[in-house]
Amino acid sequence: MPEKGAMSWPTSSKPSPLLQWRLGLVTALVLVGMVLIWSTDATTMRNLVEATKSQQGYLTTKVSAFANNIAQNHEDKEVSTAHIVVNQTQKEPNLTQLKTQMGSQDPVNHTQNVSPSDQNYSSGVSVVPASLDWVTAKIEPNVTKNLLAKWLAPGGEPCRDAKTVEIAIPGLDGKDLIELSAGEIYEFGFQALDESKQPRCLGGDYFETDLSGESWKSRPVVKDFGNGSYSVSLQVHPDFVGSYNLTIILLFRHFEGLKFSPSRFAYDREIRRIPIRFYKGSAQLPELQVCKESDFGRDVWSGRWTRHGKNDECEISHDGRYRCLSPSFPCQSPWCSGSLGALESNGWVYSTHCSFRLFSADSAWKCLNNRWLFFWGDSNHVDSIRNILNFILDMPEVQSVPRRFDMHFTNPRDPSQKVRITSLFNGHWNETQNYQGLNSLKDEGFRNLIKKYFSEDKVPDTIIMNSGLHDGIYWSNIRAFSAGASYATSFWVEIMELIRQRGLVVPKVFYRTTIATGGYARTMAFNPNKMEAFNWILIEKLKQAGILSGVIDNFDMTFPWHFDNRCNDGVHYGRAPAKAKWRDGLIGHHYFVDLMLDHILLNVLCATR
């Protein structure tokens, strides 16, 4: 008897031969039919795929595999696929966008969705819409902690242990010429590759970028997403349409520029030089305004040098100066105000999220009258002070200033106007020596010397300080520098508290970021990779302590001119003019980069008066 709930089949003691034959025939026919269907389906699908490849307007290419590989290696990070769209009339893939998401970070500025129909196929590059504002950079929160974590990130996997030798930029590679509408911000994602062309899954590579045209020089912002993917942002104002080159140099791999002796690790290879044409579009950027006090609250600048005049026949004078334009040659609004000719830059001027006033001697003396300025930094301060006295305050008789001095200066045309300037070199507690940096504060005599100037009945009204190149040589790693920066910050906090306890007005403190070392010095112990990181760390410490009034980003100012030694000797941008053989073998050098900084210093001082 069948089990309850089970299905019972009819049984027969002897099956019919006719039934067996029919059953076998039906089974055979079914099997043959299934084979034919499968064969037809496979052939049809193959034909469909081939037809799609040759006829469809858009397809997803191999870049998706990049993102998929990254996603497999980083299960804790959300990484979406990348797509390259192909135009029907072209054989090569053209960019829509490379979207790489890590947590909440998005390397492409998506202020609105971009569909295939929105693409600019004439250029082969899609416009990534921006909110019609200037491109910006910023220091990430907890930068010291995050730098240490990334620097100490373990290896153990091929994609982590391999070193970057190449990059892939889906939106820019394989094109003879990229055409972009001026004014928009374009953020192109790219992937670091090892020698086997496999994607790396750790960040920390240091890329030098340059966007240069006939009248424009800037450092495109690079973002490091920590997983081997990066992005670079481009923007040119509509007033400066024309032909440009985007240059990308891989200077150091995976934080090797932060090592104690980085020269032997330098890669220093140009891995892209991409021609780009910016054309006039409909975008209109907000007009720059002359800098006010609040504008110096930004930790990092993202400026540009623009050119508004040029004398092709300009030659160096016997005193080493380049008086290419008339001293009265005016600035062009909104890029600066005042006399551009006085900058002796043959038309170049720097601006950032605001523009700067170029001072005459009269306006500078009026601003500085009865002020006390206190400089604490490396020898670039020495150059800047001399250039302020010579070029701006019209005191050419001051041929030089020492590393350590405290002096009163009087306006030669108006004896009632005076300024006191104190400068203490911080490269070493002994002014004749070098390579101690912030560690110079370990010397009690040096600490007491500084305190002496803040123990008088009157104290300086403004402090200009920087960390300096000497820190790049002294500190063995970023952890050690972080400790030194914490000690230096606590020292200055103590000084401010002593002033406050005496009922005096606490000086305003401005941090002047350390320069981007140039030419041969780019791979040395004070290389740009290390100096930029040190700048971030000290700014963070000073801000956390509540004593920082603002930042003067000398690093961003000097970076577009740091690739060779035309405007620097490697470690100084303000050496005195001289008609003599320079570091690069040519006669004379350009000193206008530091002179621009000097005018910016006056913008700071006068805005806070």
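In this predicted model, helix H6 (residues 379-392) and helix H12 (residues 592-607) pack against each other, with axes that come within 9 Å. The crossing angle is roughly 80 degrees. H6 is therefore roughly perpendicular to H12, since angles of 65 to 115 degrees fall in that class. On the H6 side, the contact is made by Asn380, Asp383, Ser384, Asn387, Ile388, Phe391 and Ile392. H12 contributes Asp594, Leu595, Leu597, Asp598, His599, Leu601 and Leu602. By class, the contact of H6 with H12 comprises 7 nonpolar, 4 polar and 3 charged residues.

H12 also packs on a sheet, where it touches strand S12 (304-307) and strand S14. The direction of H12 makes about 45 degrees with that of S14. The sheet itself is open and has 7 strands. Their order is S4-S11-S10-S6-S7-S12-S14, with mixed pairing. Strand S4 (178-181) and strand S14 (348-351) are the edge strands, each pairing on one side only. From one strand to the next, the twist averages 25 degrees.

Within this sheet order, S6 is followed by S7. Strand S6 (residues 206-213) and strand S7 (residues 216-218) run antiparallel and are joined by 3 bridges. Leucine 211 has serine 218 of S7 as its bridge partner. Helix H10 (residues 528-545) packs on the sheet as well, touching S6 and strand S10 (242-252). The direction of H10 makes about 100 degrees with that of S6.

A further strand pair is formed by S17 (residues 404-411) and S18 (residues 414-425). The pairing is antiparallel and extends over 8 bridges. Arginine 404 stands opposite leucine 424 of S18. S17 and S18 form a hairpin, with 2 residues between them.

Several backbone features depart from the usual pattern. Most residues other than glycine have a negative phi, and most peptide bonds are trans. Histidine 254 is not a glycine, yet has a positive phi of about 40 degrees. Phenylalanine 255, also not a glycine, has a positive phi of about 65 degrees. Histidine 254 lies in the loop between S10 and strand S11 (269-279). Phenylalanine 255 is found in the loop between S10 and S11. Histidine 254 counts as partly exposed because its relative accessibility is 22%, and the buried class ends at 20%. Phenylalanine 255 has 8% relative accessibility and so counts as buried. A cis peptide bond joins serine 333 and proline 334, with omega at about 5 degrees. Proline 334 is placed in the loop between S12 and strand S13 (336-337).

Over the chain, there are 12 helices and 21 strands. Of the 609 residues, 54% count as buried. Among contacts with a separation of 6 or more, residues 24 or more positions apart account for 73%.

Confidence varies along the chain. The pLDDT averages 83, and 78% of the residues score at least 70. Over residues 1-19 the pLDDT is below 50. Beyond near neighbours in sequence, the stretch 1-19 has 2 contacts in the model. The pLDDT is also below 50 over residues 34-128. Here the model has 146 contacts beyond near neighbours in sequence.

How values were computed
Residues numbered from 1 in each chain as written. Predicted model: local features only at pLDDT ≥ 70, side-chain atom pairs only at ≥ 80, totals over all residues. Heavy atoms only, no water. Axes fitted to C-alpha atoms, helices over the stretch in contact; angles between N-to-C directions. Helix = DSSP H or I, 4+ residues; strand = E, 2+ residues; numbered from the N terminus. Parallel < 35°, antiparallel > 145°, perpendicular 65-115°, else oblique. Contact = heavy atoms within 4.5 Å. Nonpolar A, V, L, I, M, F, W, Y, C, P; charged D, E, K, R; others polar. pLDDT = per-residue confidence, 0-100. Pairing = 2+ DSSP bridges. Buried < 20%, exposed > 50% of the residue type's maximum accessible area, 1.4 Å probe, protein only.
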